[in-house]
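Colleague: I am new to reading models like this one, and I would like a close look at a single part of it. Could you begin with one residue in a loop and then work outwards to its surroundings?

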Amino acid sequence: MSRTEFMQGNVACAEGALAAGCRFFGGYPITPSTEIAETMARRLPKAGGVFISMEDELGSIAAVIGAAWTGARAMTATSGPGFSLMMENIGYAAMTETPCVIVNVQRGGPSTGQPTRAAQGDMLQCRFGSHGDYSTIALAPNSVQEMFDLTVKAFNLADRFRVPTFLMADEIIGHMRERITIPDRVEITRPAPLLEGKLPFEAGDDRVPGFAPFGSGRAIHVTGLTHDERGYPDTTDPEAHERLVRRLVAKVESARREIADYEVVNPDAGMVFVTYGAPSRTVQQVIHDHPDEEIGHLRLRAVWPFPEFALDEFPDATVFLMPEMNMGQISREVERHVGQPVVPIPKLGGDLHTPAELLRAMEAYR
Amino acid sequence: MRHEIRFSGYGGQGIILSSVILGRAAALYDNKYAVQTQVYGPEARGGASMGQVVIDDEPILFPEVTDPDIYVIMSRQGFEKYGIRAREDAFMLIDADLVRSRPACRYCEIPATSEAKNTLGREIVANIVMIGALVATTGVVSRDAIERAVLDSVPKGTEGLNQRAMKRGFELGERACNQ
Amino acid sequence: MSTTEWRREDRLPHIYCSGCGNGTVINCTLAAVDEMGWKREETVFLSGIGCSSRAPGYINTDSLHTTHGRALAFATGVKLARPDLHVVVFTGDGDLAAIGGNHFIHACRRNLDVTVVCMNNQIYGMTGGQGSPTTPPGAISTTTPYGSSEPAFDLTELAIAAGANYVARWTSYHVKELTKAIVEGLQTPGLAFIEVRTQCPTNYGRSNKMREVSDMIEYLRSHAMLVPKYNRLIAEGKPIPEGTFTVGELIRRNRPAMGVRP
């Protein structure tokens, strides 16, 4: 029996993690993500899992990666400054192909910024924040229900591609309460096992190596150094490095269609909004309030890898309007792929774009 | 029909809980849609706290409250910070003992805190008295729904007290509206 | 003593300089693990970054060569998620006491059931000999060209103050005693910290008038003082020679521990 609740977004995220089988949470208190840690602290021990409040966010993500290598589904949750602190080990997770989930309930930055106010200012950081080339997956919920659903999905994608996967929420979605239906059970995809005769970092056609958690008897050496398919450091051979980094990027980028998750509204429209996360709700309101107008809407639930083919769903588009709670971070990505004008509609300060603001922005293109 | 309800008072009065209870009543027991939000600040005790709810018969798209049509105000600071700019056709419930100012819009005075303290014996349930009055005066959710939401939101052992507080709120609301 | 099966022979040759003490410490650790009768598939080695931290790469078990200073935080995840695994952490003075200082004191405070073997060569070796938090005052390094002007950390005092259940110090000269101390550490529930003062002839000795490996070993031997003797001299009010450090078991206690094998 599924159950219906009136629940806060952050709590729904924790419930999603538990439903997905998450059994390790390492975290550090930080507004506005703390309710996720608090819920995990209360619920995990009773679910046979481990909650630990680490000494800082560097330690949180480190502990999560350590736990993930034992085969546990592991997660951390943070915001702004904590996310910045995690960057080094997020690169380590990408390099070592460690499946793990990182939730970022985004708040206003830079620096300590606005601890209790919403933003979407970390959308490039979750893709490019650690040094070197790699690729990641990022999902953006726009409701309490999606805080649950996309957390489950993040675990499955992390395991499927052995890549750190981000749930890029924001303070509005994290802190609001809405009705949510929690299903009895959710679909779970675990990593493909490391087959006999295969090397620990030897990948097949999908470029994702099989996974053998610690304790399996495979004696796997895991290192953040450039390594060969045995996992052994090989830091000076240019070809070894290029082969590894190209594969780390390609395993995610070549699966863009598999990972893509988006909604298309009014594909024949000339004026098209492209959104993710909370601002999509304002666009939905504008479309609802103006049924006679054809207003297009591409709502991305998966932002990275960026599904540029989704823009082709609007063949008659004349302009792409992009309300984001940042200075236009994903607008740049859209701009790379289309010939039409791309108009950023930045909103800073913590409030969502209002319908009136979007109507004003639309004026010039009606 | 979309309603935007704003609660404000001082930290410790249960203002946030009131907004959660109202949202819960609408979303779980009245088959409506609700979004509850709140201001996050250091107002655990004292200061002006604020919680708000959008209630609608259809799914709520834009989730934020921009211009409330219903206010529940339980402190002077709360009035000045979150109530004073209420639009003219809004409706406000005011805890008459705690708020001296009166708004330009239609309002009702509910002596929730003194009723809670003197009649019910526990000041802590003043917010529940206000919720009862809110439902009686606006019908924004049904009495059955609010009762169920109150009962599953309050600490075990206090159900009877809270039920009495809510019923007292119903009565005060009915009386205030008949003025 | 047979440590052959624990070694990853196909990783040889190793990267350590000739005369480096790290190989000795790895051998003693493997001898201790072997003496415990632990199975390879139930044992995990972790490390951070630096010369010491290359050690797990030469050991034929599951191993996590992590980021600089963070090994104990990673180990916290491994050990809490799978308490049935045996966990040993290799680290160095820079890795543990500088960039990883916070993780170190918190792992000790939690009394995480892991054994930490710290190869303290008093220098950043991998990067070519820069001063670390254990570089003694006056010592020359590439970043203390006029002699270090900072006091050095005593890593064992740090571990004791933070709450570790077992703390000992030996040197790469004291092979038998070191091995025995590591065995004690592996047997003790909770965090066991073994500091090993070891020689870095390439980056420390050369700049500090100990050009030969034998000079460094002799320094370690002659400046190490057994704990009982040290305590006696102190009690008798006698002077402690300059540069002396204690060796032996420094604490053994039974505080509550975290992540102990069920």
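Modeller: Let us begin with Arg162(A), which sits in the loop between H6 and strand S8 (164–170) of chain A. Please keep in mind throughout that this is a predicted model. The backbone of Arg162(A) deserves attention, since its phi is positive, about 50°, although the residue is not a glycine. Is Arg162(A) buried or exposed? It has 28 C-beta neighbours inside 10 Å, and because 20 or more are enough for the label, Arg162(A) counts as buried.

A useful companion is Arg207(A), which lies in the loop between strand S9 (177–182) and S10 of chain A. Arg207(A) is likewise not a glycine and has a positive phi, here near 70°. Its surroundings, however, place it in another class, for Arg207(A) has 18 other C-beta atoms within 10 Å and is therefore partly exposed.

From Arg162(A) we can step back to the helix on one side of its loop, H6, which covers residues 144–161 of chain A. The axis of H6(A) comes within 7 Å of the axis of helix H1 (residues 9–19) of chain A, and the two cross at roughly 30°. Because of that angle, H1(A) counts as roughly parallel to H6(A), and the crossing is right-handed. On the side of H1(A), the contact is made by Gly9(A), Ala12(A), Cys13(A), Glu15(A), Gly16(A), Ala17(A) and Ala19(A), while H6(A) contributes Val144(A), Met147(A), Phe148(A), Asp149(A), Thr151(A) and Val152(A). Sorted by class, the residues of this contact are eight nonpolar, three polar and two charged.

From Arg207(A) we can step forward instead, to S10 of chain A, the strand on the other side of its loop. S10(A) pairs with strand S2 (residues 62–65) of chain C in the parallel sense, over three bridges, and within that pairing Thr223(A) has His65(C) as its bridge partner. This pairing belongs to a wider arrangement, an open sheet of nine strands with mixed pairing, in the order S10(A)-S2(C)-S1(C)-S3(C)-S4(C)-S6(C)-S5(C)-S8(C)-S7(C). The edge strands are S10 of chain A and strand S7 (224–226) of chain C, each of which pairs on one side only. Averaged over the sheet and with direction ignored, neighbouring strands are turned by 20° against each other. Further along the sheet, strand S1 (residues 43–47) and strand S3 (residues 86–92) of chain C pair in the parallel sense over five bridges, and there Ser47(C) has Phe90(C) as its bridge partner in S3(C).

The strand S10(A) also leads us to the contact between the chains, which takes 33 residues from chain A and 29 residues from chain C. On the side of chain A, the elements that give two or more residues are strand S2 (22–27), strand S3 (50–53), helix H3 (57–68), helix H4 (80–96) and strand S10 (221–223). The largest share of that side, eight residues, comes from H3(A), and by class the side divides into 20 nonpolar, 10 polar and three charged residues. Of the two pairs of chains in contact, chains A and C share the most contacts, whereas no contact joins chain B and chain C, whose closest C-alpha atoms lie 29 Å apart.

Note on methods:
Residues numbered from 1 in each chain as written. Chains lettered and ligands numbered in written order. Predicted model: local features only at pLDDT ≥ 70, side-chain atom pairs only at ≥ 80, totals over all residues. Axes fitted to C-alpha atoms, helices over the stretch in contact; angles between N-to-C directions. Helix = DSSP H or I, 4+ residues; strand = E, 2+ residues; numbered from the N terminus. Parallel < 35°, antiparallel > 145°, perpendicular 65-115°, else oblique. Left-handed = near helix turned anticlockwise from the far one by under 90°. Contact = placed C-beta atoms within 7 Å. Nonpolar A, V, L, I, M, F, W, Y, C, P; charged D, E, K, R; others polar. Pairing = 2+ DSSP bridges. Buried ≥ 20, exposed ≤ 12 C-beta atoms within 10 Å, placed from the backbone.
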